[in-house]
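Biologist: Hi, could you walk me through this model in plain words? I'm new to this, so please explain the terms as we go.

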Amino acid sequence: MESIESEQIEVTETEPFLGPLDIILLVILLAAATWWLLKNKKNNDDSSSARSYSIQPTTVNTMTMAENSFIKKLKASGRSLVVFYGSQTGTAEEFAGRLAKEGMRYQLKGMVADPEECDMEELLNLKTIQNSLAVFCLATYGEGDPTDNAMEFYEWIKNGDVDLTGLNYAVFGLGNKTYEHYNKVAIYVDKRLEELGATRVFEIGLGDDDANIEDDFITWKDRFWPMVCDYFGIESTGEDILMRQYRLLEQPDVTPDRIYTGEVARLHSLQNQRAPFDAKNPYLAPIKVNRELHKGGSRSCMHVEFDIEGSKMRYEAGDHLAMYAVNDTDLVQRLGELCKADLDQVFSLINTDTESSKKHPFPCPTTYRTALTHYLEITAIPRTHILKELAEYCSDEKDKEFLRFLASTTADGKAKYQSWVQDATRNIVHILEDVPSCRPPIDHVCEILPRLQPRYYSISSSSKLHPQTVHITAVLVKYETVTGRVNKGVATNFLAAQHPEGDPLPRVPIFIRKSQFRLPTKPDIPIIMIGPGTGLAPFRGFIQERDNCRREGQNVGDTILYFGCRKKSEDFLYQEELEEYVKQGSLQLRLAFSREQENKVYVTHLLQEDSDKVWDVIGEKKGHVYICGDAKNMASDVRNILLNVIQTKGGLTESEAQQYLKKMEAQKRYSADVWS
């Protein structure tokens, strides 16, 4: 580098930088540019005098480099609290919004921020704002991973060595105790920020979604705020005041081509499809196949194939397909009736916080019918803050007190919320039906309900065999509640209605989410797959891929599948396919039909019986183990069985067996794709 610089300096000393011809050309260019700018300024001035102001549709990722400065936004609006969220399903974002809103009560005006849209290195400068505080609401996703929008921030603090002295912070984590890596992301960020010199204002909160994460959050924040007041020497301004975050603008005169009809982000994106396709720009995929996999019984399981030809979408066995479903039309209609709303009214909800990058809670302008169908979770169990807001619209004082009681932090209130709302799985429609004097305006309902999130499914095909289609395996969710109502899963019931008969084929917005759930790079490495029920899904893709390698003449290691279901005659998924792979020598199949004998038999029983074989694969041949399915019982039981096998067959102590399994995890030889 130094030699190049010295050569450049030498040239400038012997020759003039610009010749006469260069100077003439430069003058001409400058004159032309000046004329063009003046001409455009005049045109803009002429048009601005007749310009009318209107609410523009939501756009995504329009922030300039200057706009992603959260420090500038805080200073410009006199705020000192910033709440970052790492969210995959919307809960962490919701909690962040509630904390920022409550900051007003404690003389800490707050804002919510998406770390993906911020320059997080500005955390170094947050200390320049008096009484500043950064709170992180972070969910843990998958196998202890950060959410997509928090990934870059997580990697930055993990690999960087910045000095965060003077940064005041607190962390609340969202996790699930049935998962192996419970709240791993939040715990790491809390510890790492302290290591980098930041000051922890209050202890980390750990929310457990397997129990009652709403209760965990409320309990934590009710202790958090007094500690914050004590730390900064400030006092609460009084009672919690319910404030609307968005104002309503009814827009009956908006032309139809400016109204959102279900697009996630870009207007008309579902009509005018443009790659690349992702969460904000899904691909409208035709459904080519939708067939029933169960041969009997009262339950249903679907095999669905999406056509991705021409989309340029790529996937690998083990990845996830995400699908945007829509809510049940009857439920939407019922909610409209309960709120006495004209569902075809065009409207926008506009953020009263002009500094917020989130101008609308969902794409606007749109109709109430579209919002309730495409954008809002109307089947979710409402959290307590929603009940608190609904209480204000009760004309009967007893109904108002009842909803306030459900939303309270008293032991009796929490117990009643658990039994009356959670255990009875009442959604907002059920609550409005059972609290007859509560009739909120539809726009406020649209404001307080969470966003409808995409549903994720393990892909059950290999792109080596099916490059133009993506397959999923999905059980229909439909059950009767204690109140006698029938609740339906949003996505699976939507899918069940999509029958590819005739032309055109039904289309569904989808995108691919990459996973770390991967086959060994070398096909000769043996693998054990444990996947009862629809846990079989990713392993169907794995088996297809390994069989393809064998057909190509490659040396393929043992491919062993432990599969379980209730009855062979009813719910043995992909029976003919699996038996054909066994016949061809591509698969070793171990089956557990739990209800075909007096004592139930599960895959875990078979795994225990095969301890010698298991150790041969994972101990002697350094093979891989994969688990897919129920996290709460099956996955934890399998882990304990593997630990026992490692200890007894490997001749190791209990702690050595733990270390052995942790090493397998680090080497991606032990992988889990589980749900609760």
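Biologist: Is Lys-398 buried or exposed?

Modeller: The scale here runs on relative accessible area: buried is under 20%, exposed is over 50%, and partly exposed is in between (1.4 Å probe, protein chains only). Areas come from the Shrake-Rupley method with that 1.4 Å probe, and for residues only the protein chains shown count as cover. Lys-398 has a relative accessible area of 70%, so Lys-398 is exposed.

Biologist: Before we go on, what kind of model is this?

Modeller: Residues are numbered from 1 along each chain as its sequence is written, and side-chain values use heavy atoms, with hydrogens and water left out. Local features need pLDDT of at least 70, side-chain atom pairs count only at pLDDT 80 or more, and totals for chains, interfaces and linings use all residues, as this is a model that is predicted.

Biologist: Which helix holds Lys-398?

Modeller: Helices here are DSSP runs of H or I with at least four residues, strands are runs of E with at least two, and both are numbered from the N terminus. One such run covers residues 397–406, and Lys-398 is found there. That run is helix 11.

Biologist: How far apart are the C-alpha atoms of Lys-398 and Val-435?

Modeller: Along the chain, Lys-398 and Val-435 are 37 residues apart. In space, their C-alpha atoms are separated by 9.7 Å.

Biologist: Okay, on to charges. How many salt bridges does a search of the whole structure find?

Modeller: Side chains of opposite charge can pair when their charged atoms come close. To count as a salt bridge, a side-chain nitrogen of Lys or Arg has to be within 4 Å of a carboxyl oxygen of Asp or Glu. Searching the whole structure that way gives 42.

Biologist: Which residue forms a salt bridge with Arg-485?

Modeller: The closest N and O atoms of this pair are 2.9 Å apart, and the partner is Asp-434. The two sit in distant parts of the chain, 51 residues apart: Arg-485 is in the loop between strand 16 (478–480) and strand 17 (486–488), and its partner is in helix 13 (residues 428–434). Arg-485 is buried at 17%, while the partly exposed partner, at 31%, is Asp-434.

Biologist: Why does the pair of Lys-464 and Glu-545 tie together separate parts of the sequence, and how many residues apart are they?

Modeller: Their side chains meet in a salt bridge, 3.6 Å from N to O. Lys-464 lies in the loop between strand 14 (455–458) and strand 15 (469–475), whereas Glu-545 is in helix 16 (residues 537–551), so the pair ties together parts whose separation in sequence is 81 residues.

Biologist: And is Glu-545 buried or exposed?

Modeller: Its partner Lys-464 is exposed at 54%. Glu-545 has a relative accessible area of 15%, so Glu-545 is buried.

Biologist: What separates Asp-547 and Arg-550 along helix 16?

Modeller: These two form a salt bridge, with the closest N and O atoms 3.1 Å apart. Asp-547 is buried at 4%, and Arg-550 is partly exposed at 30%. Because they are three residues apart in helix 16, the separation is about one helical turn.

Biologist: Which residues form the positive surface patch?

Modeller: Lys and Arg count as positive and Asp and Glu as negative, while His and the chain ends are not counted. Patch members have over 30% relative accessible area and no salt bridge; like charges are joined within 9 Å, and nonpolar side chains (Val, Leu, Ile, Met, Phe, Trp, Tyr) within 5 Å. Each charge is placed at NZ of Lys, CZ of Arg, CG of Asp or CD of Glu. The patch is formed by Arg-566, Lys-567, Arg-595 and Lys-600.

Biologist: How many disulfides are there?

Modeller: A disulfide is a pair of cysteine sulfur atoms within 2.5 Å. By this rule, the count is zero.

Biologist: So how far is the nearest cysteine sulfur from Cys-339?

Modeller: Cys-339 is in no disulfide, and it is buried at 7%. The nearest cysteine sulfur belongs to Cys-446, at 8.2 Å.

Biologist: Last one: which residue does a cis peptide bond join to Asp-503?

Modeller: Omega of this bond is about 5°. The partner lies in the loop between helix 15 (490–496) and strand 18 (507–513). That partner is Pro-504.
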